[in-house]
Amino acid sequence: MTAPTSCQACRYQLKKGRHDLPHSDLRHVDTRPFRGSMFGGWEESTYQCAVCGSVIEHTNDKNEFAPWWWLASTEKK
Ligand SMILES: [Zn+2]
């Protein structure tokens, strides 16, 4: 039950904005359309850090105040 430790670049990534790019060690894993929004939907992308293994999700939703970058669960199923 150890919490994943994110590297400095990942922690900094979480403070970035909607239009910022993932840092250089983040590998793109998946992008899926997020439909159902009255504003036309958006996309969510998943990235995994090659350095610390953190999985970070990103949304480019145009209308929400939600964080644009956040840590996903890294629990192995
Ligand atoms: Zn990292």
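**Exercise 1.** How many bridges join strand E3 to E4, and in which direction do the two strands run?

*Solution.* Begin with strand E3, which in this predicted model covers residues 55-59. Strand E3 is joined to E4 by 3 bridges, and the two strands run antiparallel. As one example of this pairing, look at Glu-57, whose bridge partner in E4 is Trp-70.

**Exercise 2.** Work out the order of the strands in the open sheet, and state which strands stand at its edges.

*Solution.* Take the overall inventory as a starting point: the protein has 1 helix and 4 strands, and along the sequence these elements follow the pattern α-β-β-β-β. Next, place the strands in the open sheet, where the 4 strands lie in the order E1-E2-E3-E4 with antiparallel pairing. Strand E1 (26-34) and strand E4 (69-71) each have a single partner strand, so each stands at an edge with one side left without a neighbour in the sheet. From one strand to the next, the twist averages 25 degrees.

**Exercise 3.** Which residues make up the largest nonpolar core, and what does Tyr-47 contact beyond its neighbours within four places in sequence?

*Solution.* First list the core, which has 6 residues in all: Cys-10, Leu-26, Tyr-47, Cys-49, Ile-56 and Trp-69. Then follow Tyr-47, which, once its neighbours within four places in sequence are left aside, is in contact with Pro-22, Leu-26, Arg-27, His-28, Val-29, Ile-56 and His-58. Finally, set this against the whole protein, in which buried residues make up 13% of the 77 residues.

Note on methods. Residues numbered from 1 in each chain as written. Predicted model: local features only at pLDDT ≥ 70, side-chain atom pairs only at ≥ 80, totals over all residues. Core = buried A, V, L, I, M, F, W, Y, C linked by C-beta atoms within 7 Å. Buried ≥ 20, exposed ≤ 12 C-beta atoms within 10 Å, placed from the backbone. Contact = placed C-beta atoms within 7 Å. Pairing = 2+ DSSP bridges. Axes fitted to C-alpha atoms, helices over the stretch in contact; angles between N-to-C directions.
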